[in-house]
Amino acid sequence: MKISLKNSLVGKIILGYLSVVALGLVMSAVGVFILNNTQSYDKDITEKYFPSLILLKDQLSTATESQRLTSNWIYQPNKQDKARLNQLHEVEYKTLIQKWDDQIQKYDAVSQAEDSLSSISNLLGKLAEQQQKITTLLGSDEDYGNDQVVDNCITIFENEATKTFASLEHLLQKQINEQYDLMNITDDKKNFYSFILRMVFGVTLLIFAIIAVLATYLCLKNISKPIETLKNQANAMALGRFDIDIDINQNDEIGDMAKAMSNIIVGLKKKTTFAMRIGEGNYDENFELLSEEDEMGKALLTMKDNLKLNAEEDKIRNWTTHGLAQFGEILRENNSSNSNLLDKVLKFIVKYLNANQAALFLLEEDVELKREILKLAACYAYERKKYLDLKVEIGEGLLGQAVLEREMTYLTDIPEGFVRISSGLGDSGPNAVVITPIMHNNLVLGVIEIASFTKFEAHHLQFIEKIAESLGSTISNVRTNERTKKLLEASQSFTEQMRSQEEEIRQNMEELLATQEEANRKLSNLEQLLIEKDAEIAIFKAKN
(Lines give C-alpha, C1' and ligand atoms only; values in the text may rest on other atoms or scores of the structure.)
Protein backbone atom coordinates (compact mmCIF):
# COMPACT_ATOMS: atom_id res chain seq x y z
CA MET A 1 0.00 0.00 0.00
CA LYS A 2 1.50 3.24 -1.15
CA ILE A 3 1.09 6.12 1.21
CA SER A 4 1.13 9.63 -0.15
CA LEU A 5 2.87 11.95 2.24
CA LYS A 6 2.30 15.14 0.30
CA ASN A 7 -1.10 16.08 1.72
CA SER A 8 -1.38 13.45 4.46
CA LEU A 9 -1.37 14.18 8.14
CA VAL A 10 1.75 12.08 8.53
CA GLY A 11 3.46 14.11 5.81
CA LYS A 12 2.46 17.33 7.48
CA ILE A 13 3.74 16.01 10.77
CA ILE A 14 7.03 14.94 9.20
CA LEU A 15 7.29 18.31 7.46
CA GLY A 16 6.54 20.00 10.71
CA TYR A 17 9.16 17.95 12.53
CA LEU A 18 11.71 18.69 9.82
CA SER A 19 10.82 22.37 10.03
CA VAL A 20 11.25 22.25 13.78
CA VAL A 21 14.64 20.53 13.43
CA ALA A 22 15.78 23.04 10.80
CA LEU A 23 14.54 25.92 12.90
CA GLY A 24 16.24 24.46 15.95
CA LEU A 25 19.53 24.11 14.10
CA VAL A 26 19.33 27.67 12.78
CA MET A 27 18.37 29.11 16.12
CA SER A 28 21.03 27.03 17.86
CA ALA A 29 23.66 28.36 15.48
CA VAL A 30 22.44 31.90 16.05
CA GLY A 31 22.36 31.29 19.80
CA VAL A 32 25.89 29.86 19.81
CA PHE A 33 27.13 32.84 17.80
CA ILE A 34 25.46 35.34 20.12
CA LEU A 35 26.56 33.39 23.21
CA ASN A 36 30.18 33.35 22.02
CA ASN A 37 30.09 37.11 21.51
CA THR A 38 28.51 37.61 24.92
CA GLN A 39 31.15 35.43 26.58
CA SER A 40 33.87 37.35 24.74
CA TYR A 41 32.50 40.64 26.05
CA ASP A 42 32.21 39.16 29.52
CA LYS A 43 35.81 38.04 29.33
CA ASP A 44 36.95 41.52 28.30
CA ILE A 45 35.10 43.05 31.25
CA THR A 46 36.17 40.51 33.89
CA GLU A 47 39.76 39.97 32.75
CA LYS A 48 40.71 43.29 31.20
CA TYR A 49 38.68 46.40 31.98
CA PHE A 50 37.44 45.72 35.50
CA PRO A 51 40.82 44.50 36.90
CA SER A 52 42.48 47.49 35.21
CA LEU A 53 39.96 49.81 36.81
CA ILE A 54 40.58 48.30 40.25
CA LEU A 55 44.36 48.58 39.80
CA LEU A 56 44.06 52.19 38.62
CA LYS A 57 41.99 53.10 41.66
CA ASP A 58 44.45 51.28 43.94
CA GLN A 59 47.33 53.18 42.36
CA LEU A 60 45.52 56.51 42.80
CA SER A 61 44.67 55.68 46.41
CA THR A 62 48.23 54.54 47.18
CA ALA A 63 49.78 57.58 45.50
CA THR A 64 47.44 59.93 47.36
CA GLU A 65 48.18 58.25 50.68
CA SER A 66 51.94 58.27 50.13
CA GLN A 67 51.83 61.96 49.15
CA ARG A 68 49.96 62.76 52.35
CA LEU A 69 52.33 60.65 54.44
CA THR A 70 55.33 62.35 52.80
CA SER A 71 53.86 65.73 53.73
CA ASN A 72 53.45 64.48 57.32
CA TRP A 73 57.04 63.19 57.22
CA ILE A 74 58.21 66.77 56.64
CA TYR A 75 55.69 68.87 58.58
CA GLN A 76 54.12 66.55 61.16
CA PRO A 77 56.46 63.56 61.61
CA ASN A 78 55.26 60.59 63.62
CA LYS A 79 56.37 56.97 63.78
CA GLN A 80 53.09 55.47 62.59
CA ASP A 81 52.99 57.54 59.39
CA LYS A 82 56.69 56.89 58.72
CA ALA A 83 56.23 53.15 59.11
CA ARG A 84 53.24 53.21 56.78
CA LEU A 85 55.13 55.25 54.15
CA ASN A 86 58.10 52.87 54.26
CA GLN A 87 55.71 49.95 53.78
CA LEU A 88 54.18 51.66 50.75
CA HIS A 89 57.62 52.26 49.18
CA GLU A 90 59.06 48.84 49.97
CA VAL A 91 56.07 46.60 49.26
CA GLU A 92 52.90 48.12 47.83
CA TYR A 93 54.48 50.36 45.18
CA LYS A 94 56.46 47.45 43.74
CA THR A 95 53.45 45.15 43.88
CA LEU A 96 51.21 47.66 42.12
CA ILE A 97 53.79 48.35 39.41
CA GLN A 98 54.30 44.61 38.79
CA LYS A 99 50.55 43.93 38.67
CA TRP A 100 50.01 46.85 36.30
CA ASP A 101 52.82 45.72 33.99
CA ASP A 102 51.21 42.27 33.88
CA GLN A 103 47.75 43.72 33.30
CA ILE A 104 48.63 45.96 30.34
CA GLN A 105 49.96 42.93 28.49
CA LYS A 106 46.32 41.81 28.08
CA TYR A 107 45.48 44.77 25.87
CA ASP A 108 45.49 44.24 22.13
CA ALA A 109 46.49 47.83 21.30
CA VAL A 110 50.27 47.64 21.76
CA SER A 111 50.77 51.38 21.28
CA GLN A 112 48.32 52.15 24.04
CA ALA A 113 49.91 49.67 26.44
CA GLU A 114 53.42 50.97 25.83
CA ASP A 115 52.52 54.68 25.81
CA SER A 116 49.84 56.01 28.16
CA LEU A 117 49.36 52.83 30.21
CA SER A 118 53.04 52.05 30.73
CA SER A 119 53.74 55.69 31.62
CA ILE A 120 51.67 55.14 34.75
CA SER A 121 54.29 52.72 36.09
CA ASN A 122 57.02 55.21 35.21
CA LEU A 123 55.29 58.06 37.04
CA LEU A 124 54.49 55.82 40.01
CA GLY A 125 58.12 54.76 40.26
CA LYS A 126 59.31 58.35 39.83
CA LEU A 127 57.01 59.54 42.61
CA ALA A 128 58.29 56.77 44.90
CA GLU A 129 61.91 57.78 44.19
CA GLN A 130 61.22 61.44 44.96
CA GLN A 131 59.43 60.56 48.17
CA GLN A 132 62.21 58.15 49.19
CA LYS A 133 64.73 60.91 48.57
CA ILE A 134 62.89 63.04 51.14
CA THR A 135 62.64 60.18 53.66
CA THR A 136 66.36 59.52 53.25
CA LEU A 137 67.31 63.17 53.84
CA LEU A 138 65.08 63.28 56.93
CA GLY A 139 65.97 59.84 58.14
CA SER A 140 66.68 60.76 61.76
CA ASP A 141 65.40 63.20 64.36
CA GLU A 142 68.66 65.18 64.16
CA ASP A 143 67.99 65.91 60.48
CA TYR A 144 64.92 67.93 61.44
CA GLY A 145 67.19 70.34 63.29
CA ASN A 146 69.09 71.10 60.07
CA ASP A 147 67.16 73.92 58.41
CA GLN A 148 69.01 73.47 55.12
CA VAL A 149 68.02 69.79 54.93
CA VAL A 150 64.41 70.58 55.82
CA ASP A 151 64.26 73.38 53.23
CA ASN A 152 65.75 71.05 50.63
CA CYS A 153 63.12 68.42 51.39
CA ILE A 154 60.34 71.00 51.19
CA THR A 155 61.68 72.11 47.79
CA ILE A 156 61.78 68.51 46.54
CA PHE A 157 58.27 67.89 47.84
CA GLU A 158 56.70 71.04 46.41
CA ASN A 159 58.62 71.36 43.13
CA GLU A 160 59.12 67.71 42.19
CA ALA A 161 56.93 65.27 44.10
CA THR A 162 53.82 67.44 43.97
CA LYS A 163 54.14 67.98 40.21
CA THR A 164 54.78 64.27 39.62
CA PHE A 165 51.75 63.41 41.78
CA ALA A 166 49.60 65.88 39.86
CA SER A 167 50.67 64.34 36.54
CA LEU A 168 50.09 60.84 37.87
CA GLU A 169 46.69 61.77 39.31
CA HIS A 170 45.62 63.34 36.02
CA LEU A 171 46.76 60.31 34.02
CA LEU A 172 45.16 57.83 36.44
CA GLN A 173 41.85 59.70 36.44
CA LYS A 174 41.93 59.84 32.66
CA GLN A 175 42.58 56.10 32.42
CA ILE A 176 39.87 55.39 35.02
CA ASN A 177 37.36 57.30 32.90
CA GLU A 178 38.53 55.47 29.77
CA GLN A 179 38.17 52.10 31.49
CA TYR A 180 34.66 53.05 32.62
CA ASP A 181 33.82 54.03 29.04
CA LEU A 182 35.21 50.76 27.68
CA MET A 183 33.28 48.76 30.28
CA ASN A 184 30.06 50.59 29.50
CA ILE A 185 30.49 50.15 25.75
CA THR A 186 31.29 46.47 26.12
CA ASP A 187 28.44 45.98 28.58
CA ASP A 188 26.01 47.66 26.17
CA LYS A 189 27.14 45.30 23.42
CA LYS A 190 26.75 42.32 25.71
CA ASN A 191 23.27 43.46 26.77
CA PHE A 192 22.30 43.97 23.14
CA TYR A 193 23.36 40.45 22.20
CA SER A 194 21.65 39.08 25.32
CA PHE A 195 18.44 40.85 24.29
CA ILE A 196 18.72 39.44 20.76
CA LEU A 197 19.36 35.99 22.23
CA ARG A 198 16.25 36.24 24.42
CA MET A 199 14.20 37.42 21.49
CA VAL A 200 15.46 34.56 19.30
CA PHE A 201 14.69 31.97 21.94
CA GLY A 202 11.34 33.62 22.68
CA VAL A 203 10.31 33.54 19.04
CA THR A 204 11.64 30.01 18.73
CA LEU A 205 9.66 28.82 21.74
CA LEU A 206 6.54 30.50 20.41
CA ILE A 207 6.93 28.80 17.02
CA PHE A 208 7.63 25.47 18.71
CA ALA A 209 4.50 25.88 20.85
CA ILE A 210 2.33 26.65 17.82
CA ILE A 211 3.71 23.66 15.90
CA ALA A 212 3.26 21.41 18.92
CA VAL A 213 -0.36 22.49 19.41
CA LEU A 214 -1.20 22.01 15.74
CA ALA A 215 0.51 18.63 15.61
CA THR A 216 -1.23 17.49 18.76
CA TYR A 217 -4.61 18.65 17.49
CA LEU A 218 -4.19 16.84 14.19
CA CYS A 219 -2.81 13.64 15.61
CA LEU A 220 -4.77 13.35 18.85
CA LYS A 221 -8.33 14.40 18.08
CA ASN A 222 -9.55 12.03 20.70
CA ILE A 223 -8.11 14.30 23.42
CA SER A 224 -9.75 17.47 22.12
CA LYS A 225 -11.84 17.75 25.27
CA PRO A 226 -8.84 18.29 27.59
CA ILE A 227 -7.50 20.83 25.14
CA GLU A 228 -10.89 22.60 25.12
CA THR A 229 -10.83 22.59 28.91
CA LEU A 230 -7.37 24.13 28.94
CA LYS A 231 -8.50 26.74 26.43
CA ASN A 232 -11.48 27.75 28.55
CA GLN A 233 -9.30 27.99 31.58
CA ALA A 234 -6.76 30.10 29.70
CA ASN A 235 -9.56 32.44 28.60
CA ALA A 236 -10.62 32.83 32.19
CA MET A 237 -7.06 33.73 33.09
CA ALA A 238 -6.99 36.28 30.29
CA LEU A 239 -10.00 37.95 31.93
CA GLY A 240 -8.08 38.16 35.19
CA ARG A 241 -9.67 35.17 36.93
CA PHE A 242 -7.34 33.02 39.01
CA ASP A 243 -9.94 30.97 40.91
CA ILE A 244 -9.52 28.11 38.46
CA ASP A 245 -9.15 24.41 39.29
CA ILE A 246 -7.45 22.39 36.53
CA ASP A 247 -8.45 18.76 36.97
CA ILE A 248 -6.43 16.98 34.27
CA ASN A 249 -4.25 14.07 35.40
CA GLN A 250 -2.47 12.69 32.35
CA ASN A 251 1.12 11.58 31.82
CA ASP A 252 1.52 13.15 28.42
CA GLU A 253 1.98 16.49 26.77
CA ILE A 254 -1.53 17.62 27.70
CA GLY A 255 -0.89 16.70 31.33
CA ASP A 256 2.35 18.66 31.29
CA MET A 257 0.54 21.66 29.88
CA ALA A 258 -2.09 21.39 32.60
CA LYS A 259 0.61 21.29 35.29
CA ALA A 260 2.38 24.26 33.75
CA MET A 261 -0.86 26.22 33.71
CA SER A 262 -1.48 25.32 37.32
CA ASN A 263 1.99 26.62 38.16
CA ILE A 264 1.22 29.80 36.24
CA ILE A 265 -2.00 30.29 38.18
CA VAL A 266 -0.23 29.70 41.50
CA GLY A 267 2.51 32.08 40.43
CA LEU A 268 0.03 34.74 39.36
CA LYS A 269 -1.86 34.41 42.64
CA LYS A 270 1.37 34.90 44.55
CA LYS A 271 2.29 37.88 42.38
CA THR A 272 -1.17 39.38 42.87
CA THR A 273 -0.89 38.99 46.64
CA PHE A 274 2.63 40.41 46.53
CA ALA A 275 1.48 43.40 44.47
CA MET A 276 -1.38 44.04 46.91
CA ARG A 277 1.01 43.99 49.87
CA ILE A 278 3.30 46.44 48.08
CA GLY A 279 0.29 48.66 47.36
CA GLU A 280 -0.45 48.68 51.09
CA GLY A 281 3.07 49.98 51.75
CA ASN A 282 4.55 46.70 53.03
CA TYR A 283 7.89 47.00 51.22
CA ASP A 284 9.54 44.27 53.33
CA GLU A 285 7.30 41.56 51.86
CA ASN A 286 9.32 38.63 50.48
CA PHE A 287 8.73 37.10 47.08
CA GLU A 288 10.33 33.98 45.60
CA LEU A 289 10.85 33.86 41.85
CA LEU A 290 9.42 30.91 39.98
CA SER A 291 12.75 30.59 38.17
CA GLU A 292 15.67 32.63 36.95
CA GLU A 293 13.60 33.49 33.86
CA ASP A 294 10.63 34.84 35.81
CA GLU A 295 10.63 38.29 34.18
CA MET A 296 7.35 39.36 35.76
CA GLY A 297 8.61 38.40 39.18
CA LYS A 298 11.84 40.32 38.59
CA ALA A 299 9.82 43.31 37.45
CA LEU A 300 7.73 43.16 40.63
CA LEU A 301 10.85 42.96 42.78
CA THR A 302 12.32 45.91 40.91
CA MET A 303 9.08 47.81 41.39
CA LYS A 304 9.15 47.03 45.11
CA ASP A 305 12.73 48.25 45.42
CA ASN A 306 11.92 51.44 43.51
CA LEU A 307 8.80 52.12 45.58
CA LYS A 308 10.73 51.46 48.78
CA LEU A 309 13.46 53.81 47.66
CA ASN A 310 10.89 56.46 46.73
CA ALA A 311 9.18 56.02 50.10
CA GLU A 312 12.48 56.46 51.92
CA GLU A 313 13.29 59.51 49.80
CA ASP A 314 9.83 60.94 50.52
CA LYS A 315 10.35 60.31 54.20
CA ILE A 316 13.70 62.11 54.12
CA ARG A 317 12.24 64.91 52.01
CA ASN A 318 9.29 65.33 54.40
CA TRP A 319 11.65 65.23 57.37
CA THR A 320 13.80 67.96 55.82
CA THR A 321 10.82 70.09 54.77
CA HIS A 322 9.18 69.80 58.18
CA GLY A 323 12.45 70.62 59.92
CA LEU A 324 13.12 73.64 57.74
CA ALA A 325 9.58 74.89 58.35
CA GLN A 326 9.99 74.56 62.13
CA PHE A 327 13.40 76.20 61.94
CA GLY A 328 12.00 79.05 59.86
CA GLU A 329 9.26 79.59 62.44
CA ILE A 330 11.90 79.83 65.18
CA LEU A 331 13.83 82.38 63.14
CA ARG A 332 10.70 84.46 62.52
CA GLU A 333 9.57 84.45 66.15
CA ASN A 334 12.99 85.24 67.65
CA ASN A 335 14.61 87.72 65.28
CA SER A 336 14.77 90.60 67.74
CA SER A 337 17.69 89.35 69.86
CA ASN A 338 20.67 87.17 69.03
CA SER A 339 20.94 85.61 72.51
CA ASN A 340 17.34 84.38 72.65
CA LEU A 341 17.46 83.31 68.98
CA LEU A 342 20.69 81.29 69.24
CA ASP A 343 19.62 79.40 72.39
CA LYS A 344 16.38 78.26 70.74
CA VAL A 345 18.18 77.42 67.49
CA LEU A 346 20.67 75.11 69.24
CA LYS A 347 17.93 73.46 71.27
CA PHE A 348 15.95 72.75 68.07
CA ILE A 349 19.02 71.45 66.17
CA VAL A 350 20.05 69.03 68.93
CA LYS A 351 16.56 67.64 69.43
CA TYR A 352 15.59 67.41 65.75
CA LEU A 353 18.83 65.64 64.81
CA ASN A 354 18.74 63.41 67.92
CA ALA A 355 22.17 64.78 68.75
CA ASN A 356 23.53 65.29 72.26
CA GLN A 357 25.09 68.71 72.44
CA ALA A 358 25.93 71.73 70.35
CA ALA A 359 27.75 75.06 70.55
CA LEU A 360 27.54 78.19 68.42
CA PHE A 361 30.42 80.62 68.02
CA LEU A 362 30.09 84.07 66.47
CA LEU A 363 32.85 86.02 64.77
CA GLU A 364 33.30 89.22 66.78
CA GLU A 365 35.86 92.03 67.11
CA ASP A 366 38.05 91.58 70.21
CA VAL A 367 38.75 94.97 71.78
CA GLU A 368 41.94 93.85 73.52
CA LEU A 369 43.38 91.86 70.61
CA LYS A 370 42.06 94.34 68.02
CA ARG A 371 41.09 91.56 65.63
CA GLU A 372 38.21 89.22 64.95
CA ILE A 373 37.93 85.98 66.94
CA LEU A 374 35.34 83.26 67.48
CA LYS A 375 33.49 83.72 70.75
CA LEU A 376 31.00 81.30 72.28
CA ALA A 377 27.55 82.84 71.80
CA ALA A 378 25.32 79.92 72.80
CA CYS A 379 25.59 76.27 73.80
CA TYR A 380 23.33 73.32 74.54
CA ALA A 381 24.25 70.52 76.98
CA TYR A 382 27.81 71.90 77.36
CA GLU A 383 29.26 72.88 80.72
CA ARG A 384 28.27 76.53 80.28
CA LYS A 385 30.40 77.88 83.14
CA LYS A 386 33.47 76.19 81.78
CA TYR A 387 32.99 77.46 78.22
CA LEU A 388 31.20 80.74 78.90
CA ASP A 389 34.18 82.92 77.94
CA LEU A 390 35.61 80.50 75.36
CA LYS A 391 37.41 82.27 72.55
CA VAL A 392 38.96 80.69 69.46
CA GLU A 393 41.40 82.33 67.12
CA ILE A 394 40.73 82.19 63.36
CA GLY A 395 42.66 79.20 61.99
CA GLU A 396 43.00 77.64 65.45
CA GLY A 397 41.79 74.04 65.66
CA LEU A 398 38.90 72.69 63.63
CA LEU A 399 36.62 75.56 64.64
CA GLY A 400 39.06 78.23 63.51
CA GLN A 401 39.93 76.25 60.40
CA ALA A 402 36.25 76.12 59.41
CA VAL A 403 36.30 79.93 59.13
CA LEU A 404 39.20 79.77 56.69
CA GLU A 405 38.03 76.79 54.62
CA ARG A 406 34.33 77.82 54.63
CA GLU A 407 33.34 74.17 54.38
CA MET A 408 31.62 71.64 56.62
CA THR A 409 33.83 69.22 58.56
CA TYR A 410 32.35 65.82 59.51
CA LEU A 411 34.33 63.65 61.93
CA THR A 412 33.59 60.07 62.89
CA ASP A 413 37.07 59.24 64.17
CA ILE A 414 37.09 61.66 67.10
CA PRO A 415 40.46 62.40 68.73
CA GLU A 416 40.63 61.58 72.44
CA GLY A 417 39.66 64.57 74.54
CA PHE A 418 38.36 66.60 71.59
CA VAL A 419 34.94 67.00 73.17
CA ARG A 420 33.00 65.15 75.89
CA ILE A 421 29.27 64.57 76.27
CA SER A 422 28.20 64.75 79.90
CA SER A 423 25.16 63.33 81.64
CA GLY A 424 24.09 62.45 85.14
CA LEU A 425 25.80 59.07 84.85
CA GLY A 426 29.15 60.38 83.59
CA ASP A 427 30.68 61.58 80.38
CA SER A 428 31.85 59.94 77.17
CA GLY A 429 33.29 60.86 73.79
CA PRO A 430 30.92 61.29 70.83
CA ASN A 431 30.90 59.09 67.75
CA ALA A 432 30.26 61.94 65.33
CA VAL A 433 31.05 65.66 65.28
CA VAL A 434 29.89 68.18 62.66
CA ILE A 435 31.51 71.61 62.35
CA THR A 436 29.96 73.95 59.79
CA PRO A 437 30.45 77.67 59.13
CA ILE A 438 27.55 80.13 59.31
CA MET A 439 27.71 82.31 56.21
CA HIS A 440 25.76 85.12 54.58
CA ASN A 441 26.66 86.81 51.29
CA ASN A 442 29.93 84.81 51.22
CA LEU A 443 30.93 86.21 54.63
CA VAL A 444 31.57 83.92 57.61
CA LEU A 445 29.53 85.03 60.63
CA GLY A 446 30.25 82.12 62.95
CA VAL A 447 30.59 78.35 63.39
CA ILE A 448 28.26 75.63 64.69
CA GLU A 449 29.65 72.49 66.39
CA ILE A 450 27.31 69.51 66.90
CA ALA A 451 28.30 66.32 68.76
CA SER A 452 26.34 63.07 68.86
CA PHE A 453 26.64 59.48 70.00
CA THR A 454 25.02 58.39 66.73
CA LYS A 455 26.52 59.06 63.32
CA PHE A 456 24.82 61.48 60.94
CA GLU A 457 23.35 60.44 57.60
CA ALA A 458 23.91 62.35 54.36
CA HIS A 459 20.50 64.05 54.59
CA HIS A 460 21.34 65.16 58.14
CA LEU A 461 24.46 66.92 56.85
CA GLN A 462 22.52 68.55 54.01
CA PHE A 463 19.90 69.71 56.53
CA ILE A 464 22.62 71.23 58.74
CA GLU A 465 24.06 73.13 55.76
CA LYS A 466 20.62 74.53 54.88
CA ILE A 467 19.79 75.70 58.39
CA ALA A 468 23.27 77.21 58.74
CA GLU A 469 22.60 79.22 55.59
CA SER A 470 19.19 80.39 56.89
CA LEU A 471 20.68 81.16 60.30
CA GLY A 472 23.42 83.25 58.69
CA SER A 473 20.82 85.39 56.94
CA THR A 474 18.82 85.84 60.15
CA ILE A 475 21.90 86.69 62.27
CA SER A 476 22.90 89.27 59.68
CA ASN A 477 19.39 90.76 59.77
CA VAL A 478 19.34 90.76 63.60
CA ARG A 479 22.68 92.53 63.70
CA THR A 480 21.42 95.07 61.18
CA ASN A 481 18.26 95.57 63.22
CA GLU A 482 20.27 95.97 66.43
CA ARG A 483 22.53 98.56 64.82
CA THR A 484 19.48 100.36 63.43
CA LYS A 485 17.86 100.25 66.86
CA LYS A 486 20.94 101.69 68.52
CA LEU A 487 21.15 104.47 65.93
CA LEU A 488 17.43 105.18 66.42
CA GLU A 489 17.81 105.28 70.20
CA ALA A 490 20.82 107.59 69.86
CA SER A 491 18.86 109.82 67.50
CA GLN A 492 15.91 109.88 69.87
CA SER A 493 18.19 110.64 72.81
CA PHE A 494 19.83 113.48 70.90
CA THR A 495 16.42 114.85 69.88
CA GLU A 496 15.21 114.67 73.47
CA GLN A 497 18.36 116.41 74.66
CA MET A 498 17.88 119.17 72.08
CA ARG A 499 14.27 119.55 73.18
CA SER A 500 15.36 119.84 76.81
CA GLN A 501 17.95 122.46 75.96
CA GLU A 502 15.40 124.37 73.87
CA GLU A 503 12.97 124.36 76.80
CA GLU A 504 15.69 125.57 79.14
CA ILE A 505 16.61 128.40 76.75
CA ARG A 506 12.93 129.33 76.44
CA GLN A 507 12.59 129.49 80.22
CA ASN A 508 15.74 131.61 80.49
CA MET A 509 14.37 133.96 77.84
CA GLU A 510 11.11 134.28 79.74
CA GLU A 511 13.01 135.01 82.94
CA LEU A 512 15.15 137.61 81.14
CA LEU A 513 12.01 139.25 79.70
CA ALA A 514 10.39 139.29 83.12
CA THR A 515 13.56 140.81 84.63
CA GLN A 516 13.73 143.38 81.84
CA GLU A 517 10.06 144.34 82.39
CA GLU A 518 10.68 144.65 86.14
CA ALA A 519 13.74 146.83 85.47
CA ASN A 520 11.76 149.00 83.07
CA ARG A 521 8.99 149.37 85.66
CA LYS A 522 11.45 150.34 88.39
CA LEU A 523 13.19 152.78 86.01
CA SER A 524 9.82 154.38 85.19
CA ASN A 525 9.02 154.70 88.90
CA LEU A 526 12.43 156.22 89.52
CA GLU A 527 11.95 158.75 86.73
CA GLN A 528 8.56 159.70 88.17
CA LEU A 529 10.12 160.06 91.59
CA LEU A 530 12.87 162.29 90.18
CA ILE A 531 10.31 164.48 88.46
CA GLU A 532 8.41 164.83 91.71
CA LYS A 533 11.60 165.66 93.59
CA ASP A 534 12.61 168.23 90.99
CA ALA A 535 9.16 169.83 91.39
CA GLU A 536 9.51 169.96 95.16
CA ILE A 537 12.98 171.52 94.87
CA ALA A 538 11.66 174.15 92.46
CA ILE A 539 8.82 175.00 94.86
CA PHE A 540 11.25 175.17 97.76
CA LYS A 541 13.55 177.54 95.88
CA ALA A 542 10.63 179.72 94.92
CA LYS A 543 9.55 180.13 98.53
CA ASN A 544 13.04 181.12 99.70
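There are zero disulfides in this structure, which is a predicted model. A disulfide is a covalent bond between the sulfur atoms of two cysteines. Two cysteines are still worth a look: Cys153 is buried, because its relative accessibility is 0%, and Cys379 also counts as buried, at 11% relative accessibility. From there, the tour below moves through an open sheet, a nonpolar core and a surface patch.

**The sheet as a whole**

- Six strands make up an open sheet, arranged in the order 3-2-1-8-7-4 with antiparallel pairing.
- The edge positions belong to strand 3 (391-392) and strand 4; each has a single partner strand, so one side of each lacks a neighbour in the sheet.

**Strand 1 and its two partners**

- Strand 1 covers residues 357-366, and eight of its 10 residues are buried, leaving this strand mostly covered.
- On one side, strand 1 runs antiparallel to strand 2 (residues 371-380), and nine bridges join the two.
- Along that pairing, Glu365 stands opposite Glu372 in strand 2, while Ala359 stands opposite Cys379.
- That is the Cys379 met above, buried because its relative accessibility of 11% falls under the 20% cut-off.
- Strand 1 also pairs with strand 8 (residues 443-452), again antiparallel, through six bridges.
- Ala359 takes part here too: its bridge partner in strand 8 is Glu449.

**Strand 7 and its surroundings**

- Is strand 7 (residues 432-440) enclosed or open to the outside? Seven of its nine residues are buried, so the rest of the structure largely encloses this strand.
- Strand 7 pairs with strand 8 in the antiparallel sense, over nine bridges, and Val433 stands opposite Ala451 in strand 8.
- The hairpin of strand 7 and strand 8 has two residues between the strands, and Asn441 takes a positive phi near 55 degrees there. If you like checking backbone torsions, Asn441 is a residue to look up in this hairpin.
- Strand 4 (residues 409-411) is joined to strand 7 by three bridges and runs antiparallel to it.
- Within that pairing, Thr409 stands opposite Ile435 in strand 7.

**The largest nonpolar core**

- In soluble globular proteins, nonpolar side chains tend to be buried together.
- Here, the largest nonpolar core has 37 residues, and those with the most contacts inside it are Ala63, Ile74, Tyr93, Ile120, Leu127, Leu138 and Leu168.
- Two or more residues of this core come from each of helix 1 (9-75), helix 2 (79-103), helix 3 (110-137) and helix 4 (147-219).
- Which helix gives the most to this core? Helix 4 does, with 13 residues.

**A nonpolar patch on the surface**

- Leu523, Leu526, Leu529 and Leu530 form a nonpolar patch on the surface, and together they have about 360 Å² of accessible area.
- Leu529, one of these leucines, lies in helix 11 (residues 458-543).
- Is Leu529 buried, exposed or partly exposed? Leu529 is partly exposed, because its relative accessible area is 41%, and that class lies between the cut-offs of 20% and 50%.

Definitions and conventions
Residues are numbered from 1 along each chain as its sequence is written. This is a predicted model: local features need pLDDT of at least 70, side-chain atom pairs count only at pLDDT 80 or more; totals for chains, interfaces and linings use all residues. Side-chain values use heavy atoms; hydrogens and water are left out. Buried means under 20% relative accessible area, exposed over 50%, partly exposed in between (1.4 Å probe, protein chains only). Helices (H or I, at least four residues) and strands (E, at least two) are DSSP runs, numbered from the N terminus. Two strands pair if DSSP finds at least two bridges between them. Patches are made of residues with over 30% relative accessible area and no salt bridge: like charges are joined within 9 Å, nonpolar side chains (Val, Leu, Ile, Met, Phe, Trp, Tyr) within 5 Å. Accessible areas come from the Shrake-Rupley method with a 1.4 Å probe; for residues, only the protein chains shown count as cover. A salt bridge is a side-chain nitrogen of Lys or Arg within 4 Å of a carboxyl oxygen of Asp or Glu. A disulfide is a pair of cysteine sulfur atoms within 2.5 Å. A nonpolar core is a set of buried Ala, Val, Leu, Ile, Met, Phe, Trp, Tyr and Cys residues joined through side-chain atoms within 4.5 Å.
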